[in-house]
Amino acid sequence: MTHAGRVLVVDDDPTVAEVVARYLARDGHDVECVADGNTALRTARDRPPDLVVLDLMLPGMDGLEVCRRLRETSAVPIVMLTALGTETDRLVGLETGADDYVTKPFSPRELALRVRSVLRRARGAVTATGSGGPLRDGDLVVDVAAHEATLRGERLALTAREFDLLAFLLRNPRQAFTREELLERVWDWTFGDSSTVTVHVRRLREKIEDDPTAPHRIVTVWGVGYRYEPT
């Protein structure tokens with residue numbers, strides 16, 4: 001399996017964890033299951049995974065806190081499992097740094113496909129046409145082949161989805177895109193909540209703008225969506 005990897009599954013429901021592990025193993029992944037946040041953080045530190053499947057509702061330290069702590073030191077892709085399925089939960093998860101989410105009850109096959117997709121993107125296998133050398137805008141450099149972005153020479157800690165969005169915008173400067181267009185063209189989502197895009201734009205602005213509240217690179221086009229303005 002080209003895009004198989006080491007997956008850490010964090011879920012306190014042994015039945016869910018077993019089913020998820022079985023499907024992911026069938027897809028070629030090396031799967032390790034843990035049942036609480038502290039064990040998850042310790043495992044991720046000692047044996048860094050390629051991707052984390054993280055349940056939102058965990059005993060003790062919840063999934064959002066686990067996600068926050070992982071993001072302090074790692075850009076490992078995170079697929080969050082949310083039982084409640086409300087828009088608020090999904091957006092908070094994405095705000096915290098999750099790359100994707102799956103709502104319970106979910107199809108294990110759907111989760112396996114999401115995991116495969118997120119891993120593929122995290123490894124930079126999806127490089128749009130015309131991706132010759134690094135993309136540059138002043139002191140911002142996005143090297144698609146190396147899947148690395150730097151600002152003023154400092155490496156940016158971007159999630160896979162943030163990286164994809166930034167690379168797409170740099171390839172298409174001064175073009176306005178709706179949130180729906182970005183969902184489909186950047187992440188191949190023909191479904192999903194367009195507010196997901198809003199969250200990723202906000203997180204990206206926090207990392208590349210001098211003043212995220214008055215952005216000059218990723219600007220809002222009122223009534224449309226967003227446009228990238230080269231410096």
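User: Which residues of α2 meet which residues of α3, and what makes this a contact?

Analyst: On the side of α2, G37, A40, L41 and A44 meet V66, R69 and L70 of α3, and a contact here means heavy atoms within 4.5 Å. The residues of this contact divide into five nonpolar, one polar and one charged, where Ala, Val, Leu, Ile, Met, Phe, Trp, Tyr, Cys and Pro count as nonpolar, Asp, Glu, Lys and Arg as charged, and the others, Gly among them, as polar. The model is predicted, so local features need pLDDT of at least 70 and side-chain atom pairs count only at pLDDT 80 or more, while totals for chains, interfaces and linings use all residues. Residues are numbered from 1 along each chain as its sequence is written, and side-chain values use heavy atoms, with hydrogens and water left out.

User: Why is the arrangement of α2 and α3 called roughly parallel?

Analyst: Helix α2 (residues 37-46) and helix α3 (residues 63-73) pack at an angle of about 20°, with their axes 10 Å apart. The term depends on cut-offs: angles under 35 degrees count as roughly parallel, over 145 as roughly antiparallel, 65 to 115 as roughly perpendicular and the rest as oblique. Since about 20° is under 35 degrees, α2 and α3 are therefore roughly parallel to each other. The crossing of α2 past α3 is right-handed, a word used if the near helix is turned clockwise from the far one by less than a right angle, with left-handed for anticlockwise.

User: What makes α5 and α6 oblique to each other?

Analyst: The axes of helix α5 (residues 108-122) and α6 come within 9 Å and cross at roughly 55°. That angle is in none of the three named ranges and belongs to the rest, and α5 and α6 are therefore oblique to each other. In this case α5 passes α6 in a left-handed crossing. V118, R121 and A122 of α5 make the contact with A160, R161 and D164 of α6, and by class the contact has three nonpolar, no polar and three charged residues.

User: How do you know whether R161 is buried or exposed?

Analyst: Buried means under 20% relative accessible area, exposed means over 50%, and partly exposed is in between, with a 1.4 Å probe and protein chains only. R161, which is found in helix α6, has 2% relative accessibility and so counts as buried. The C-alpha atoms of R161 and V118 are separated by 8.3 Å, although these residues are 43 residues apart along the chain.

User: Why is the pair of R203 and E162 called a salt bridge?

Analyst: A salt bridge is a side-chain nitrogen of Lys or Arg within 4 Å of a carboxyl oxygen of Asp or Glu, and the closest N and O atoms of R203 and E162 are 2.5 Å apart. The pair therefore meets the definition. R203 lies in helix α8 (residues 195-208) and E162 in helix α6 (residues 160-171), so the pair ties together parts that are 41 residues apart in sequence. Both ends fall under the cut-off for burial, since R203 has 9% relative accessibility and E162 has a relative accessible area of 0%.

User: Which residues form salt bridges with E229, and what makes each pair count?

Analyst: E229 pairs with R174, the closest N and O atoms being 3.7 Å apart, and R227 pairs with E229 at 2.7 Å, so each distance is within 4 Å. R174 is exposed, because its relative accessible area of 55% is over 50%, whereas R227, at 25%, is partly exposed. R174 is placed in the loop between α6 and β10, and its phi is near 60°, a positive value in a residue other than glycine.

User: How many salt bridges does a search of the whole structure find?

Analyst: The search finds 22 salt bridges, and D137, D139, R152, D210 and R217 are linked in a network of them.

Definitions and conventions:
Axes fitted to C-alpha atoms, helices over the stretch in contact; angles between N-to-C directions. Helix = DSSP H or I, 4+ residues; strand = E, 2+ residues; numbered from the N terminus.
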